[in-house]
Amino acid sequence: MSKRETITSLDTLVRMRSTEVERLQTAMAKKEATRARYQASVERLTALAEGSGPSGQPAGARALSPALAINCGNYKQAVFALADTHRTDLQLHEADMAVAQKNLAQAWTRRELLGKVLEQHETAYARAQERTQRKREDEIATQSWLAKNV
């Protein structure tokens, strides 16, 4: 494989790695938005449960009837259970985000390493081209000098 083909192949790999990094960044942004929704949901559910029934009324307010108190208690338990489910889902989602963040960091590192290798190959190729050009120029200068002196 020639130097130029190697550089072209490396450039293609770098572009593929860049696409992978962009895809993972997009996925992370979506996961962050989902995490924010989970957190907001948990906060809203907690506020909803705490603000309902006797605990949500000012002190000295009229007491609820037993049936209504049982209904409010059941409602609060259901809302707190839902909030707990959301907290559990949020923790699982954050663990998934940590794994995705690690994958993103690894993909970025792979892309950067390939970029450095590509840069080294391009530099070496440019030096070789420059060396070849200088040799040509020296040869022409030598031939010109010999032609004048012969």
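This briefing covers the overall form of the chain and two patches on its surface. The model is predicted. Its secondary structure amounts to two helices and zero strands. The radius of gyration is 34 Å, well over the 15 Å that the globule rule gives for 150 residues, so the chain is more spread out than a compact globule.

**Overall form**

- The C-alpha trace of the chain spans about 125 × 30 × 15 Å along its principal axes.
- Among the 150 residues of the chain, 21% count as buried.

**Positive surface patch**

- Lys3, Arg127, Arg131 and Lys135 form a positive patch on the surface.
- The element that gives the most to this positive patch is helix 2 (residues 66-149), which supplies three residues.
- Arg131, one of the patch members, is found in helix 2.
- The relative accessible area of Arg131 is 43%, so this residue is classed as partly exposed, a class that lies between the cut-offs of 20% and 50%.

**Nonpolar surface patch**

- A nonpolar patch on the surface is formed by Trp145, Leu146 and Val150.
- Together, these three residues have about 380 Å² of accessible area.
- Trp145 belongs to helix 2, the helix that also gives the most to the positive patch.
- Trp145 counts as exposed because its relative accessibility is 54%, and exposed means over 50%.

Definitions and conventions. Residues numbered from 1 in each chain as written. Predicted model: local features only at pLDDT ≥ 70, side-chain atom pairs only at ≥ 80, totals over all residues. Heavy atoms only, no water. Patch = residues over 30% accessible without salt bridge, like charges linked within 9 Å, V, L, I, M, F, W, Y side chains within 5 Å. Areas by Shrake-Rupley, 256 points an atom, 1.4 Å probe, with all protein chains shown as cover. Salt bridge = Lys/Arg side-chain N within 4 Å of Asp/Glu carboxyl O. Lys, Arg positive; Asp, Glu negative; His and termini not counted. Charge placed at Lys NZ, Arg CZ, Asp CG, Glu CD. Helix = DSSP H or I, 4+ residues; strand = E, 2+ residues; numbered from the N terminus. Buried < 20%, exposed > 50% of the residue type's maximum accessible area, 1.4 Å probe, protein only. Rg over C-alpha atoms; globule rule 2.2 N^0.38 Å.
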